[in-house]
2 protein chains.
Amino acid sequence: MKNSLIENLVQQFSRLPSIGGKSAQRLAYHILEKNSELAESLASAIVDARRKIRKCGLCHNYSEADKCSLCLSPGRNPNLICVVERPSDIILIEKFGAFTGLYHVLGGALSPLDGVGPQDLNIDSLLKRLAGLESPEVILALNTSSDGEATGLYLIQKLKPMNVKVTQLARGIPLGSDLQYVDEHTMQRAMEYRIPL
Amino acid sequence: MKNSLIENLVQQFSRLPSIGGKSAQRLAYHILEKNSELAESLASAIVDARRKIRKCGLCHNYSEADKCSLCLSPGRNPNLICVVERPSDIILIEKFGAFTGLYHVLGGALSPLDGVGPQDLNIDSLLKRLAGLESPEVILALNTSSDGEATGLYLIQKLKPMNVKVTQLARGIPLGSDLQYVDEHTMQRAMEYRIPL
């Protein structure tokens, strides 16, 4: 029964996030059942992405060139910088299509428990970048986890003395939710930042 | 923003079963964020599996050699043949570890709507295989979908004149289920095949 190549394929798939043993098996058999074009295309997409994609020298987003297409885009405001934890956060914000500034990817959040300090994040390059701008404005779009919040507080401490205007994404009740399911911390923030009508 | 290599990777992942757009994006960014060993291992596992795995000449299971390890196993009863639709079905049955016969993979089920007829399945090779055995017994372990049931009926018609003993997996209430959630067809079968105590 044991088939080492199939088992290896299953095992490699199960290393991916949210792919359990059953899903990994299903993916592996799908690869074997379908025509080989899918297998070749997927394998080469993985290798190509990994080998050719690097980090943008300015904002640390993924890029195929020295600078990413966002940083090179002439229509965007270079004085408005949205700070995010991960490159994937940029996709989410870009989907709305309303943000016209640039980004800065920290590469994570401060996490004393995981040994992630300020030197492990792209904070120095952010400060240097801001120092070269005339009237920079920073929007913090970090996760609302304790690590994300702590990172926001650390950045505010660094940015305030530089006379940088800093804002963060609004906290409150998400749209479309039943108040019954809103947790107490969110409710507390929603009360604190209640909107005058 | 557009990054063709990332987009291609996302698109290739989204061709896999039960991987939607959001999951595909998550997998793609995971590949980029983690060390490149994962990417290389996954890509080569896909290519290796696809290039080196073929079908067993006897039972049509996936195999790295001309005959699969099950068909080559000396401890198994060659007169007892469990007929399944897909190679992945074999894994499920082998997990119980109680079945000591061999398998025959049909490669699907009869499906007039999808244009799958008897000539598209490994039925001729099953009949030839059975003709060479002394007192063969066949266990039909097909899906209980309408296609699977129709395939079972077709096989019974072919096997009965050959004096082959044919059984199929029992139908009834699955273990651990609340009767409230059992559908009417299953309930009807469970009544029909009720077990004398």
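**Exercise 1.** In this predicted model, decide what kind of interaction joins the side chains of E33(B) and R86(A).

*Solution.* Begin with the distance, which is 4.0 Å from N to O for E33(B) and R86(A). Next, recall the cut-off, since a salt bridge needs a side-chain nitrogen of Lys or Arg within 4 Å of a carboxyl oxygen of Asp or Glu. The side chains of E33(B) and R86(A) accordingly meet in a salt bridge. Finally, place the pair in its setting: across the interface of chain A and chain B the rule finds six salt bridges, and 14 residue pairs with both members at pLDDT 80 or more are in polar contact between these chains.

**Exercise 2.** Describe which elements and residues make up the side of chain A that touches chain B.

*Solution.* First list the elements, for at least two residues each come from α1 (4-13), α2 (21-33), α3 (36-52), β2 (62-63), α4 (69-72) and α5 (87-96) of chain A. Then look for the main contributor, which is α3(A) with 16 residues. Sorting the residues of this side by character gives 26 nonpolar, 14 polar and 15 charged. As a last step, turn to the whole interface, where 55 residues of chain A are in contact with 55 residues of chain B, and where the two chains bury about 5300 Å² between them, 65% of it on carbon and sulfur atoms.

**Exercise 3.** Compare the radius of gyration of chain A with that of a compact globule of 197 residues.

*Solution.* Start from the globule, whose radius of gyration would be near 16 Å, and then set beside this value the 21 Å of chain A. The chain A value is thus the higher of the two. To complete the picture, note that the C-alpha atoms of chain A fill a box of roughly 65 × 50 × 35 Å along the principal axes, and that 42% of the 197 residues of chain A count as buried.

Definitions and conventions
Residues are numbered from 1 along each chain as its sequence is written. Chains are lettered from A and ligands numbered from 1 in the order in which they are written. This is a predicted model: local features need pLDDT of at least 70, side-chain atom pairs count only at pLDDT 80 or more; totals for chains, interfaces and linings use all residues. Side-chain values use heavy atoms; hydrogens and water are left out. Contact means heavy atoms within 4.5 Å. Buried area is the accessible area (1.4 Å probe) that two parts lose on being put together, summed over both. A polar contact is a pair of N or O atoms within 3.5 Å; within protein, one must be able to donate a hydrogen and the other to accept it, and residues adjacent in sequence count only if both atoms are side-chain atoms. Helices (H or I, at least four residues) and strands (E, at least two) are DSSP runs, numbered from the N terminus. Ala, Val, Leu, Ile, Met, Phe, Trp, Tyr, Cys and Pro count as nonpolar, Asp, Glu, Lys and Arg as charged, and the others, Gly among them, as polar. The radius of gyration is taken over C-alpha atoms; the globule rule is 2.2 Å times the number of residues to the power 0.38. Buried means under 20% relative accessible area, exposed over 50%, partly exposed in between (1.4 Å probe, protein chains only).
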